[in-house]
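In these entries I record what I looked up about charged side chains and their surroundings.

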Amino acid sequence: QVQLVESGGGLVQAGESLRLSCVASGNIFSINVMGWYRQAPGKQRELVATITTAGNTNYADAVKGRFTISRDDAKNTVYVQMNSLKPEDTAVYYCNAEVRISRRYAVDNYWGQGTQVTVSS
């Protein structure tokens with residue numbers, strides 16, 4: 001089994017910063033793409049940012065220039081530094097990872113339980 005656990009969410013004021021962390025643990029052979037998604041009330045889950053093993057990143061237009069994704073493969077951890085937060089960033093943030101549990105198995109997709117980020121105006 002593979003578990004992803006997020007941390008770092010909370011309540012902040014507009015313009016402030018937060019750093020989210022997500023640690024993957026369990027039966028892990030390798031991790032490919034890692035990423036962050038978010039879901040606001042009444043809306044569909046959407047991409048925030050992703051990062052490959054080579055360090056290539058992809059960001060949603062809404063967060064470009066404000067959020068920075070990074071990863072530490074020695075710790076099986078992905079981060080997102082969120083600066084200049086806006087009320088519209090309020091959502092539950094979910095970690096995602098493409099994990100291979102064995103050389104024999106294909107990559108599978110795993111999700112964390114989510115962490116709430118609330119930005120007040």
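The entries below follow the salt bridges and then turn to one arginine.

**Entry 1: the model and the count.** I noted at the outset that this is a predicted model. I then asked how many salt bridges the structure holds. The structure holds five salt bridges.

**Entry 2: Arg38 and Glu46.** I looked up the pair Arg38 and Glu46, whose side chains form a salt bridge with an N to O distance of 2.8 Å. Next I checked whether each partner is buried or exposed. Arg38 has a relative accessible area of 6%, so I recorded Arg38 as buried, the cut-off being under 20%. Glu46 has a relative accessible area of 39%, and I recorded Glu46 as partly exposed because this value lies between 20% and 50%.

**Entry 3: Arg38 and Asp89.** I found that the side chain of Arg38 also meets that of Asp89 in a salt bridge, at 2.9 Å from N to O. I then asked where the two residues of this pair lie. Arg38 belongs to strand E4 (residues 30-39), while Asp89 is in the loop between strand E8 (77-82) and strand E9 (91-100). The pair therefore ties together parts that are 51 residues apart in sequence. I also noted that both Arg38 and Asp89 are buried.

**Entry 4: Arg71 and Asp73.** I turned to Arg71 and Asp73, whose side chains meet in a salt bridge at 2.7 Å, N to O. Arg71 counts as buried, because its relative accessibility of 17% falls under 20%. Asp73, at 42% relative accessibility, counts as partly exposed.

**Entry 5: a network.** I next looked up which residues are joined by salt bridges that share partners. Arg38, Glu46, Arg66 and Asp89 are joined in this way into one network.

**Entry 6: the surroundings of Arg71.** I returned to Arg71 and located this residue in strand E7 (residues 67-72). I then asked which polar contact the side chain of Arg71 makes with another side chain. The partner is the side chain of Asp73, at 2.7 Å. In addition, a polar atom of the Arg71 side chain lies 3.2 Å from the backbone oxygen of Ile51.

Finally, I listed the contacts of Arg71, leaving aside its neighbours within four places in sequence. The residues in contact with Arg71 are Ile31, Asn32, Val33, Met34, Ile51, Thr52, Thr53, Thr77 and Val78. I noted that Ile51 is thus one of the residues in this list, and that its backbone oxygen is the atom recorded above at 3.2 Å.

How values were computed: Residues are numbered from 1 along each chain as its sequence is written. This is a predicted model: local features need pLDDT of at least 70, side-chain atom pairs count only at pLDDT 80 or more; totals for chains, interfaces and linings use all residues. Side-chain values use heavy atoms; hydrogens and water are left out. A salt bridge is a side-chain nitrogen of Lys or Arg within 4 Å of a carboxyl oxygen of Asp or Glu. Buried means under 20% relative accessible area, exposed over 50%, partly exposed in between (1.4 Å probe, protein chains only). Helices (H or I, at least four residues) and strands (E, at least two) are DSSP runs, numbered from the N terminus. A polar contact is a pair of N or O atoms within 3.5 Å; within protein, one must be able to donate a hydrogen and the other to accept it, and residues adjacent in sequence count only if both atoms are side-chain atoms. Contact means heavy atoms within 4.5 Å.
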